Amino acid sequence: MPHRIALIPGDGIGVPVTDAAMAVAAKAAPGLLETVSFPWSCQTYLETGRMMPEDGIETLRGFDAIFLGAVGWPAKVPDSVSLHGLLLPIRKAFVQYANIRPHRLLPGVVGPLRKEDFDILCIRENTEGEYSGAGGRVHQGTADEVAVETAIFTRAGVERILRFGFEQAMTRRRKLASVTKSNAQKYSMVFWDEVTRELSAEFPEVEVSHYHVDAIAARMVMAPETLDVVVASNLFGDILTDLGAAIQGGLGFAASANIDPTRKGPSMFEPVHGSAPDIAHLGVANPIAAIWSLVMMLDHLGEAATAARIMAALEATTAQGIGTVPGKNTTDEITAAVLAALEA
Ligand code: NAD
Ligand code: IPM
Ligand code: MN
């Protein structure tokens, strides 16, 4: 039985990198995925006033997984509208509370740090925290204006993401870095530290370190090899994973999985990067992050052998120096090299 996948290519480079990933899937395992493509994007918003139809979430619920390219066309639609109309509601509606983002160098890629020995798994809380959407503005446009954005941290939300992080650490090098800013934020982040300590009693084999987000940002640059699993809140995780992308060679390499570990609804797979309007029509978007996200989706769907073959093809491609330097190869050249590596 094929897996039913909802494709949302989105805007800008989301479209070509989704095409690339699907071409790779079709070559690696013909018929394994049955895809239905939804044209939900900023263009749709301009035409209909909505990023997705009113029953969009219900439509997605029937699929085994969602694959998203990227959303956003800030010149035409404010990001606060486009992202709150599609990406963020999907993560929340399907309780995709664990956003998993691996950071390591593929063979042949020379990152800015010129270190090859790091292997970090960032686990970003994906449904609450600083992205709760609670807040408001008063006295708008006046000298007395006040804007409030409330970060909400629930025990259930903090516990489940940290537990997921501990479980991941048990399958890896058994090190967990818990990220807060508890020196400045005395409610939510002190609470996060307490929950980390409580859970660490359940996972005595895992070595836990507590970092402030500023300090771990520096550590990711200076000594990334000292980190294994990194668990962070929604906003801190967002920022640290663009940093993670940078040390692995650029945004074109960073993959992600938005997972509901309880598997009640579909999980969503997407590159970390956005729609990149600055290069959108140049044909040079790196599809590796999207193809790696496909690998994560196949693993999630229980297709480990196909996932491993595609990952090996990606590594063979970069090992030949293809796709390793931003702008050096076109999207089509990189995709063709991955397809050829699958045949080898
Ligand atoms: P971005 O990730 O789109 O681009 C940042 C920089 O990285 C740009 O210089 C871009 O050219 C480069 N880049 C990104 N992906 C690349 C790739 N695959 N190959 C080569 N270079 C790549 O971030 P941004 O410019 O802040 O955001 C652009 C739009 O995308 C905004 O509307 C933003 O809100 C949206 N966005 C969407 C998602 C998503 O849908 N998941 C994620 C991030 C940003
Ligand atoms: C990401 C993106 C999104 C986020 C934006 C586009 C809302 O930056 O997936 O990393 O902040 O979660
Ligand atoms: Mn981001």
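Start with ligand 2 in this predicted model. Select Leu 83, Leu 87, Leu 88, Asp 238, Val 272 and Gly 274, the residues around ligand 2. Coloured by type, the shell of ligand 2 splits into four nonpolar residues, one polar and one charged.

Keep Gly 274 selected and move to ligand 1, since Gly 274 is also among the residues that come nearest to ligand 1. The others that come nearest are Gly 72, Gly 252, His 273 and Asn 286, out of 23 residues around ligand 1. How does the shell around ligand 1 divide by residue type? It holds 14 nonpolar, six polar and three charged residues.

Next, colour by domain. Domain 1 takes two stretches of the chain, 1–96 and 259–344, and domain 2 takes 112–247. Measured against those bounds, two of the residues selected for ligand 2 make a useful pair: Leu 83 falls in the 1–96 part of domain 1, and Asp 238 falls in domain 2. The C-alpha centres of domain 1 and domain 2 are 25 Å apart. Where the domains touch, seven residues of domain 1 are in contact with seven residues of domain 2. On the domain 1 side, the touching residues comprise four nonpolar, one polar and two charged.

Now select residues 4–338. UniProt lists this range, in an unreviewed entry, as "domain: Isopropylmalate dehydrogenase-like". Within residues 4–338 the chain is 39% helix and 22% strand. The end C-alpha atoms of the range lie 23 Å apart.

Go to helix H1, residues 14–28. Is its length as expected or not, and what should its 15 residues span? At 1.5 Å a residue the span should be 21 Å, and the end C-alpha atoms are 21 Å apart, so the two agree. Show side chains along H1: the buried residues are Gly 14, Pro 16, Val 17, Thr 18, Ala 20, Ala 21, Met 22, Val 24, Ala 25 and Ala 28.

Finish with two arginines in loops. Arg 114 sits in the loop between strand E4 (98–104) and strand E5 (119–125). Its phi is positive, about 55°, although Arg 114 is not a glycine. Is Arg 114 buried or exposed? Arg 114 is exposed, because 7 other C-beta atoms lie within 10 Å.

Then select Arg 263, in the loop between strand E11 (255–259) and strand E12 (267–271). Arg 263 also has a positive phi, near 60°, in a residue other than glycine. With 10 other C-beta atoms within 10 Å, Arg 263 is exposed.

Conventions. Residues numbered from 1 in each chain as written. Chains lettered and ligands numbered in written order. Predicted model: local features only at pLDDT ≥ 70, side-chain atom pairs only at ≥ 80, totals over all residues. Domains from an automatic or database assignment. Contact = placed C-beta atoms within 7 Å. Nonpolar A, V, L, I, M, F, W, Y, C, P; charged D, E, K, R; others polar. Near = placed C-beta within 6 Å. Helix = DSSP H or I, 4+ residues; strand = E, 2+ residues; numbered from the N terminus. Expected span 1.5 Å × (residues − 1). Buried ≥ 20, exposed ≤ 12 C-beta atoms within 10 Å, placed from the backbone. UniProt positions renumbered as here; feature names shortened; annotations may be inferred.
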